[in-house]
Structures are given as C-alpha cells and as structure tokens.
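Biologist: I am new to this protein and would like to go through it step by step. Could you show me what we are looking at before I begin asking?

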Amino acid sequence: MRSREGNGDLFIWKEIQRIASILNSNLFRQLEEDTVIDGQPVSAGALVTVQLSALNTDEAVFKNHTKFDTKRLLENRNLEKNLIQFGIGKRACPGESLARAELYLIIGNLVLDFNLKPVGPAPEIKTTTPFGLMKRPPSFNIRFVPIEK
Ligand code: HEM
C-alpha cells in the first residue's frame, strides 16, 4: 500500500465509496407501463429508484458491513460485482472512468505521502443527510502529517 511500484489496485477508495455510498439513491426512472416489482404492482408514470446505500451495505453480501475494511474487496474479488456506485446499464454514470482515476490518484497520493490525523477526538463516522439523495459527512478538522521517506 505504501509502494508506488507494482500494479496492485488501491482498494481504500472502493471501501470508502461502499461504506459512504455518497449517492444515497440512484437517479429516478419513470415507468412507461404498469409493472410488478417484487410482487408489488406499480403503475405507469410512477417514479422508481434503487437505494444504492442499501445495496452497498447488504449484510448478506458485505459481512460486518458497518466495519471499514479495506481488505474485504482484496480478499474476495467477487464482492466487487455487488458494489454499485455508478449505476449499471445504459444510463450508468458516464463519468465513472474519470471519477475512478481522480479518486485513485488523489486518495492514493494522499495516503502515500501523509498520515491523516484527527484534530482532537476522532469524529464519529456518520452522515448528516441520511435520507437525502447525497450523503454529507459532519464537518471536522484533520491534520496532514507528512510521512518521512
Ligand atoms: C465518485 C464520483 C461519482 C459517482 C459516485 C457517480 C455516480 C453516478 C450515478 C449512481 C449515476 C446514476 C446512474 C443511473 O442512473 O443508473 C450517475 C449519473 C451521471 N453521472 Fe456520475 N458519478 C460520479 C462522478 C461523475 C463525473 C466525474 C461525471 C462527469 C464528468 C459524472 C457525470 C454523470 C452524468 C452526466 C450522469 C447522468 C447519466 C444519464 O442519466 O444518462 N459523474 N453518476
């Protein structure tokens, strides 16, 4: 993890995205015709969406889902198929590659060069907008302590 060499993927950001599910629910779709979803009739015109945060914290898939564990995806590569951060299908996020590259570079370089320390007690890991479309963390201060090399 501390090496700039090698081709190992950086799984920290994937686990951050899993546990944070920044986009709480997917964008909405409007049904063109009546349908049945999981046994429930749903009328044409209804708006439907998927709660991404529920998928990414499904205990049946992600054991001990509240634990921030960067090894879970490394140790079980099949798990990644169940991690839905950018939607799936034709309307999936077109910015996915750009976002992945940005996150890899930004978070990767930060953890390579700095230890991140809380100012005062470590903040509670929680969102201030649990029911909104987007999740936001509480405000807190951190120190970037350069790593001696
Ligand atoms: C961590 C960063 C990002 C996350 C988690 C994210 C997630 C998503 C999700 C879940 C959707 C809905 C997909 C669906 O409806 O099935 C979406 C749509 C979209 N995203 Fe992103 N996105 C990110 C970054 C970006 C970036 C960097 C761009 C552009 C440079 C972008 C552009 C778009 C656009 C234009 C749509 C609408 C696509 C459509 O409706 O056809 N996103 N994104």
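Biologist: In which sense do E5 and E6 pair, parallel or antiparallel?

Modeller: Please keep in mind that this is a predicted model. One bridge that helps to place the two strands joins Leu116 to its partner in E6, Phe144. Over five bridges, the sense in which E5 and E6 pair is antiparallel.

Biologist: Of the five residues of E5, what is the number buried?

Modeller: A residue counts as buried if 20 or more other C-beta atoms lie within 10 Å of its own. E5 lies largely in the open, because among its five residues the number that are buried is zero.

Biologist: What pattern does the protein follow when read along the sequence?

Modeller: The protein contains four helices and six strands, and its C-alpha trace spans about 60 × 35 × 30 Å along the principal axes. Read along the sequence, these helices and strands follow the pattern α-β-β-β-β-α-α-α-β-β.

Biologist: What percentage of the contacts with a separation of 6 or more comes from residues 24 or more positions apart?

Modeller: One pair that is distant in sequence is Pro137 and Ile22, which are 115 residues apart in sequence and 9.4 Å apart in space, C-alpha to C-alpha. That spacing is a C-alpha distance, whereas a contact is judged between C-beta atoms, which must lie within 7 Å. For the protein, the share of contacts with a separation of 6 or more that comes from residues 24 or more positions apart is 60%.

Biologist: Does Pro137 count as buried, partly exposed or exposed, and why?

Modeller: Pro137 sits in the loop between strand E5 (114–118) and strand E6 (142–146), and, leaving aside its neighbours within four places in sequence, is in contact with Thr127 and Thr128. The buried class begins at 20 other C-beta atoms within 10 Å, and the exposed class ends at 12. Because Pro137 has 14 C-beta neighbours inside 10 Å, it counts as partly exposed.

Biologist: Which residue does the UniProt annotation "binding site" cover?

Modeller: The residue lies in the loop between helix H3 (71–75) and helix H4 (96–113), and is partly exposed, with 15 other C-beta atoms within 10 Å. Leaving aside neighbours within four places in sequence, its contacts are Phe86 and Gly87. According to the unreviewed UniProt entry, the residue covered is Cys93.

Biologist: How many residues of the shell around the ligand are nonpolar?

Modeller: The ligand is surrounded by 14 residues, the closest being Leu27, Gly87, Cys93, Gly95 and Ala99. Four residues of this shell are polar and one is charged, while the number that are nonpolar is nine.

How values were computed
Residues numbered from 1 in each chain as written. Predicted model: local features only at pLDDT ≥ 70, side-chain atom pairs only at ≥ 80, totals over all residues. Near = placed C-beta within 6 Å. Nonpolar A, V, L, I, M, F, W, Y, C, P; charged D, E, K, R; others polar. Contact = placed C-beta atoms within 7 Å. UniProt positions renumbered as here; feature names shortened; annotations may be inferred. Pairing = 2+ DSSP bridges.
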